[in-house]
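Dear colleague,

I am handing over the structure we spoke about, and I would be glad if you could look through it before reading my notes. What I found in it follows directly below the sequence and the model.

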Amino acid sequence: MSQHPASHHGHDHQDHGHGHGHHHDSTHLDWNQLGPLLERQAEIASSAYAEAAAWLGTLAPVYGVRRVLDIGSGPGVVTSLLAEAFPAAETVAVDGSPELLVRARDRAESRGLGARVSTLHAELPEAIGTLGEADLVWAGNSLHHIGDQRAALAEFAGILRPGGLIALAEGGLPTRHLPWHIGIGRPGLEARLDAANADWFGEMRAATPGSVDEPDDWRALLTAAGLTPAGTRTFLTDLPAPVSPAVRELAVSHFRRLSEGFGDRIDPDDRKTLDRLLDPADERSLHHRTDLFHLTARTVHTARKG
């Protein structure tokens, strides 16, 4: 799938290492280069994803779940968390990027999960019908990269076993890294970058093959697929200042991708501010700031078959 400039999840639609590689234009992306970034994103959010997986265990019988599909698994951080939360299940990482699937396999093996975690290279939505039946389908920030989301959900419902659960991680809140007033440029920089990202996301959706203009009413879409909504919850990743070097590095990567990806969507004054934020020699840059943090909220929508 196309890696958007913000590279996540709200309407900054980052994917936290999730939901990558099953889109038709994924071939021009260097997944070996992107893999570590996606992995770091997911690792930093892993406590929230582990909390979400534990919540799913209250909605589905933990030892009754025999097969889990992680749709758009990326490097497999969430795949391993799901495998740990459902210890009787075979958990399958499904993605369109062979490079990311290698990472998913390596991660599972390093966590002692190699016997229960497998990988499946598949281009979606074409291959949904070939994925086999599942008791739990997790789609993390991947559905919005499929043109006809309503049709894809109906196909996912078709591979769910009776009583099976689907979980969509879609939406939430844009990630915040900086206070409103950062001492350089005009205050409110991240809000303006969010607006640019929302415009970019709309264009990405419209350009997706087979794109259907569908409101993000996930509960209604799940119901239309013949499923019964089973609850929605939002999970917080809250890493206050001062941040670890890994979180700081991820913030630098995030702002660099915005700077490179948004071009003239960013006004000249904000461009100057971004240049300063990314300059290691500037004492007010992301490399040195003491007010840098990482705060985001991921929403998970669930529904049951039958």
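Let me begin with a side chain at one end of a salt bridge: glutamate 133 has a relative accessible area of 46% and is therefore partly exposed, where buried means under 20% relative accessible area, exposed over 50%, and partly exposed in between, computed with a 1.4 Å probe on protein chains only. This is a predicted model, in which local features need pLDDT of at least 70 and side-chain atom pairs count only at pLDDT 80 or more, while totals for chains, interfaces and linings use all residues. Residues are numbered from 1 along each chain as its sequence is written, and side-chain values use heavy atoms, with hydrogens and water left out.

Salt bridges

The partner of glutamate 133 is arginine 161, and their side chains meet in a salt bridge at 3.4 Å, N to O, a salt bridge being a side-chain nitrogen of Lys or Arg within 4 Å of a carboxyl oxygen of Asp or Glu. This pair links distant parts of the chain, 28 residues apart, with arginine 161 in strand 5 (residues 160-176) and glutamate 133 in the loop between strand 3 (117-121) and strand 4 (134-140); here helices (H or I, at least four residues) and strands (E, at least two) are DSSP runs, numbered from the N terminus. Searching the whole structure gives 17 salt bridges.

Another of them joins glutamate 249 and arginine 40, whose closest N and O atoms are 3.7 Å apart. Because glutamate 249 belongs to helix 8 (residues 245-262) and arginine 40 to helix 1 (residues 31-44), the pair ties together parts that are 209 residues apart in sequence. Glutamate 51 and arginine 233 form a further salt bridge, with closest N and O atoms 3.3 Å apart. Since glutamate 51 is in helix 2 (residues 46-59) and arginine 233 in strand 6 (residues 227-239), this pair ties together parts that are 182 residues apart in sequence. Glutamate 51 is partly exposed at 39% relative accessibility, and arginine 233 is partly exposed at 33%.

The sheet

How are the strands of the open sheet ordered? There are seven of them, in the order 3-2-1-4-5-7-6, with mixed pairing, where two strands pair if DSSP finds at least two bridges between them. Strand 3 and strand 6 stand at the edges with a single partner strand each, so one side of each is left without a neighbour in the sheet. From one strand to the next the twist averages 20°, with axes taken as lines fitted to C-alpha atoms, for helices over the stretch in contact, and angles running from 0 to 180 degrees between N-to-C directions.

Strand 1 (residues 67-71) is mostly covered, as five of its five residues are buried. Its two faces are both covered, with Arg67, Leu69 and Ile71 buried on one side and Val68 and Asp70 buried on the other. Strand 1 runs parallel to strand 2 (residues 90-95), to which five bridges join it, and isoleucine 71 stands opposite valine 94 in strand 2. Valine 94 also has a bridge partner in strand 3, namely leucine 120. Strand 1 pairs in the parallel sense with strand 4 as well, over four bridges, and there valine 68 stands opposite leucine 136.

Helix 3 lies across strand 1, strand 2, strand 3 and strand 4, at about 165° to strand 2, whereas helix 2 lies across strand 4, strand 5, strand 6 and strand 7 (294-305), at about 155° to strand 6; contact means heavy atoms within 4.5 Å.

Backbone details and confidence

Two cis peptide bonds deserve a look: leucine 124 to proline 125, with omega about 10°, and alanine 241 to proline 242, with omega near -5°. Proline 125 is in the loop between strand 3 and strand 4, and proline 242 is in the loop between strand 6 and helix 8. Asparagine 141 is not a glycine, yet has a positive phi of about 50°, and at 1% relative accessibility it counts as buried.

The mean pLDDT (the predictor's confidence in each residue, from 0 to 100) is 90 for the protein chain, and 91% of its residues reach 70 or more. Over residues 1-27, however, pLDDT stays under 50. Where pLDDT is low, the predicted coordinates should not be read in detail.

With best regards
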